[in-house]
Amino acid sequence: MDGVEFKELFKVAVETLREKTITPLLEADATYQEDSDNEGIAEMNYLQLDLTKEQRRICNRLLECRDKQDTEYATHAYIAGLYDAFQIMAVLFPDKWDTDDIRELLAAKVNN
């Protein structure tokens, strides 16, 4: 497995874990639920606009690009959170957690 394959496999694993972890948190978050409802209303308003095919294509492309970027950002933010958690554990339990070893292991897998 080369570095690119490992990175993609790692991202898929992280995305899967993230979805299982974040869904219950978002379902319990009233602010997020309100934002989600507002997004649904805005989407209904958007769909009712009298746009030309070209205008709708351009708008849809913009929204698709933003969605993809948001998903990538969320994945990297989740990975950053994992790194932060490792660092916190290394401070709290220095004899059991070595973040340098973890980084070297991940770097070795990515570079192979």
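1. Glu54 and Arg57 both belong to helix H3, where they sit 3 residues apart, about one turn of the helix. In this predicted model, the two side chains form a salt bridge, with the closest N and O atoms 2.7 Å apart. Glu54 counts as partly exposed, at 42% relative accessibility, and Arg57 is likewise partly exposed, with a relative accessible area of 48%. Both values lie between the limits of 20% for buried and 50% for exposed, which is why neither residue is placed in one of the outer classes.

2. The pair just described is part of a set of salt bridges, and the count for the structure comes to 3. As general background, side chains of opposite charge can pair when their charged atoms come close. Another of these salt bridges brings together the side chains of Lys11 and Glu72, at 2.7 Å from N to O. This pair links distant parts of the chain, since Lys11 lies in helix H1 (residues 3-27) and Glu72 in helix H3, 61 residues apart.

3. How accessible are the two partners, Lys11 and Glu72? Lys11 has a relative accessibility of 9% and therefore counts as buried, the limit for that class being under 20%. Glu72, by contrast, has a relative accessible area of 24% and is partly exposed. When residues up to four places away in sequence are not counted, Lys11 touches Glu72, Thr75 and His76, so that a reader who looks at Lys11 in helix H1 will find its salt-bridge partner Glu72 among the residues it touches.

4. A further salt bridge is formed by Glu19 with Arg18, and here the closest N and O atoms are 3.1 Å apart. The two partners fall into separate accessibility classes: Arg18 is buried, with a relative accessible area of 8%, whereas Glu19 counts as partly exposed at 39% relative accessibility.

5. Turning to the chain as a whole, which elements does it contain, and in what order do they run from the N terminus? There are 4 helices and 0 strands, and from the N terminus on, the elements run α-α-α-α. Of the 112 residues, 12% count as buried, and it may help to keep this figure in mind when reading that Lys11 and Arg18 are each buried. The accessible surface of the chain comes to about 9,100 Å², and 58% of this surface belongs to carbon and sulfur atoms. Among contacts between residues at least 6 apart in sequence, 57% join residues at least 24 apart.

6. A negative surface patch deserves a look of its own, being formed by Glu39, Glu43, Glu64, Asp67 and Asp70. The elements that give two or more residues to this patch are helix H2 (30-47) and H3, and H3 gives the most, with 3 residues. Glu43 has its place in helix H2 and is partly exposed, with a relative accessible area of 42%. Residues enter such a patch only with over 30% relative accessible area and no salt bridge, and the value of 42% for Glu43 is therefore in keeping with the area cut-off.

7. Which residues make the nonpolar surface patch? Ile88, Leu92 and Phe93 make this patch, whose area is about 310 Å². Leu92 lies in helix H3, which spans residues 53-92. Leu92 has a relative accessible area of 56% and is exposed, because exposed means a value over 50%.

8. Cys59 is another residue of helix H3 that may be examined in the model. It is partly exposed, with a relative accessible area of 28%. Leaving aside the neighbours within four places in sequence, Cys59 is in contact with Tyr46 and Leu51. Cys59 and Tyr46 are 13 residues apart along the chain, and their C-alpha atoms are separated by 9.5 Å.

9. Helix H3 recurs through these points, and a reader new to the structure may wish to begin there. Helix H3 holds both partners of the pair Glu54 and Arg57, and it also holds Glu72, the residue paired with Lys11 of helix H1. Helix H3 gives 3 residues to the negative patch, and both Leu92 and Cys59 lie in this helix.

Technical notes: Residues numbered from 1 in each chain as written. Predicted model: local features only at pLDDT ≥ 70, side-chain atom pairs only at ≥ 80, totals over all residues. Heavy atoms only, no water. Patch = residues over 30% accessible without salt bridge, like charges linked within 9 Å, V, L, I, M, F, W, Y side chains within 5 Å. Areas by Shrake-Rupley, 256 points an atom, 1.4 Å probe, with all protein chains shown as cover. Salt bridge = Lys/Arg side-chain N within 4 Å of Asp/Glu carboxyl O. Buried < 20%, exposed > 50% of the residue type's maximum accessible area, 1.4 Å probe, protein only. Lys, Arg positive; Asp, Glu negative; His and termini not counted. Charge placed at Lys NZ, Arg CZ, Asp CG, Glu CD. Contact = heavy atoms within 4.5 Å.
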